[in-house]
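Biologist: I have a few questions about this one before I go back to the bench. Can you put it up?
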There are 2 protein chains.
Amino acid sequence: MAQRGSYAKGVAKREEILERALEVIAREGYRGASVKELAEAVGLSQAGLLHYFDSKEELFTEILRKRDEVDSRQFGPMPEVAEATHLRSGFVGIIRHNAEVPGLVQLFSRMAVDAADPQHPAHRYFLDRGDSLRETFVEALRELQRRGELTDVVDAGVLARIFQAVADGMQLQWMQDPSIDMAGTVSALFDALDPRNRKDPDE
Amino acid sequence: MAQRGSYAKGVAKREEILERALEVIAREGYRGASVKELAEAVGLSQAGLLHYFDSKEELFTEILRKRDEVDSRQFGPMPEVAEATHLRSGFVGIIRHNAEVPGLVQLFSRMAVDAADPQHPAHRYFLDRGDSLRETFVEALRELQRRGELTDVVDAGVLARIFQAVADGMQLQWMQDPSIDMAGTVSALFDALDPRNRKDPDE
DNA sequence: GTCTATACTCGGATAGAC
DNA sequence: GTCTATCCGAGTATAGAC
């Protein structure tokens, strides 16, 4: 099951399910939802939904994957965001968008914790996602450093980790108190790390 | 119950239980532990343990509180860490210490997600803890800004949020991959935000 | 392919004996 | 104050009919 190779089982339907699940969770939130709840929201019985996935954990992992896929379509493929000039606006834009879909933020954070267990289906997902995110970042950050728009006191790889951590950490704060400005705070970090903002007034 | 007022029920024992729980979780890790598991590890039956707490959620919330209490004893009371000069070393020290107690990091992160629900007993805990952490930080950060050791491009309150987010976010990354250097990365952020590191070589 | 029905497990809570 | 025993609900997974 779940294998796309050979003659996969209802791949199209599967994708459709994931997209619907995504909408539902984004709109109605995620509170440790059970398979049954999600199934009904998607218009299937619990058993019917699990027909397409091996387990609950796999199901939710696939939802996260689908989300990345959808996002990267909407916000332009990563390569584009990767361009140094658009890194900041692209990143901040995604975060601003996330503030519109609290359910997905919760799902992501919850899974991130559960997936700490190397046995969890989402474990590899998070590792790979982190790697690729930082890869994209490092490239763009290096370019910014070359241009003198970003501090070069710290290695770009470390800065990439920091940006990732800030984004994830701000989500935690925001879940407790949705009134805070996730995107604005991350944006401020770019300012704080821009050496040009610190030249003496008599430039 | 759980009220310290009037004639509390075995307050001493309660505290002892929390301290033991802390040790056990720190040492043996936390994998969404059940009350029963924890109870046995602490030398009680499930019912025996729940005699001291209203519910599982309340129990684990209290464990987090106890942890803060213990930590603040070990690392000097917050007021001391709050001193600008020691902010960085104090903060980084705590993070380094956290890397020695993975179970507590997991418990904290897990609870942070669950407590997004305003009904959760730990909801207030996280709000208050965040407030007080940032309060402490803001004071010290302002002093650093005055001394010219920290960028003043961004408001100290925002910087405080950023530091909190980085610490929390690095924990998530570290749970996935314990080989990364949480403390070192946070430390690097201090460097990156220090304007003195950016003066021209011909100072 | 999808449903209904059910089996099974786990975990939290509670009653009641000692 | 602590235990044993039990209850109950939730939730996943699976069997089997249609």
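Biologist: What does chain A average in pLDDT?
Modeller: This is a predicted model, and chain A averages a pLDDT of 93, with 92% of the residues scoring at least 70.

Biologist: Where in chain A does pLDDT stay under 50?
Modeller: Over residues 1-7 of chain A. For that stretch the model has 9 contacts beyond four places in sequence.

Biologist: On to the DNA. How many residues surround strand C, and which are the closest?
Modeller: 15 residues surround DNA strand C, and the closest are A:Ser45, A:Ala47, A:Tyr52, B:Val35 and B:Lys56. Of the atoms of DNA strand C that come within 4 Å of the protein, sugar and phosphate account for 58%.

Biologist: Which part of strand C does B:Lys56 approach?
Modeller: A phosphate oxygen, which is 2.8 Å from an N or O atom in the side chain of B:Lys56. B:Val35 also has a phosphate oxygen of DNA strand C at 3.0 Å, but from a backbone N or O atom.

Biologist: And what does B:Gln46 sit by?
Modeller: A base nitrogen of DNA strand C, 3.1 Å from a polar side-chain atom of B:Gln46.

Biologist: Which elements give two or more residues to that surface?
Modeller: Helix 3 (46-50) of chain A and helix 3 (46-50) of chain B. Helix 3 of chain B gives the most, with 3 residues.

Biologist: How do the residues near strand C divide by class?
Modeller: Into 6 nonpolar, 7 polar and 2 charged.

Biologist: Now the two protein chains. How many residues are in contact?
Modeller: 40 residues of chain A are in contact with 40 residues of chain B. The area buried between the two chains is about 3,500 Å², and carbon and sulfur atoms give 68% of that.

Biologist: What is the salt bridge count between them?
Modeller: 2 salt bridges between chain A and chain B. One of them pairs A:Arg110 with B:Asp114, whose closest N and O atoms are 3.2 Å apart. There are also 8 residue pairs in polar contact across the interface, both residues at pLDDT 80 or more.

Biologist: Which elements of chain A give two or more residues to the side that touches chain B?
Modeller: Helix 7 (102-114), helix 8 (122-147), helix 9 (156-176) and helix 10 (182-192) of chain A. The largest share, 14 residues, comes from helix 9 of chain A.

Biologist: What classes of residue does that side have?
Modeller: The side of chain A that touches chain B has 22 nonpolar, 10 polar and 8 charged residues.

Notes
Residues are numbered from 1 along each chain as its sequence is written. Chains are lettered from A and ligands numbered from 1 in the order in which they are written. Side-chain values use heavy atoms; hydrogens and water are left out. A residue is near a molecule or strand if one of its heavy atoms lies within 4 Å of it. A polar contact is a pair of N or O atoms within 3.5 Å; within protein, one must be able to donate a hydrogen and the other to accept it, and residues adjacent in sequence count only if both atoms are side-chain atoms. Helices (H or I, at least four residues) and strands (E, at least two) are DSSP runs, numbered from the N terminus. Ala, Val, Leu, Ile, Met, Phe, Trp, Tyr, Cys and Pro count as nonpolar, Asp, Glu, Lys and Arg as charged, and the others, Gly among them, as polar. pLDDT is the predictor's confidence in each residue, from 0 to 100. Contact means heavy atoms within 4.5 Å. Buried area is the accessible area (1.4 Å probe) that two parts lose on being put together, summed over both. A salt bridge is a side-chain nitrogen of Lys or Arg within 4 Å of a carboxyl oxygen of Asp or Glu.
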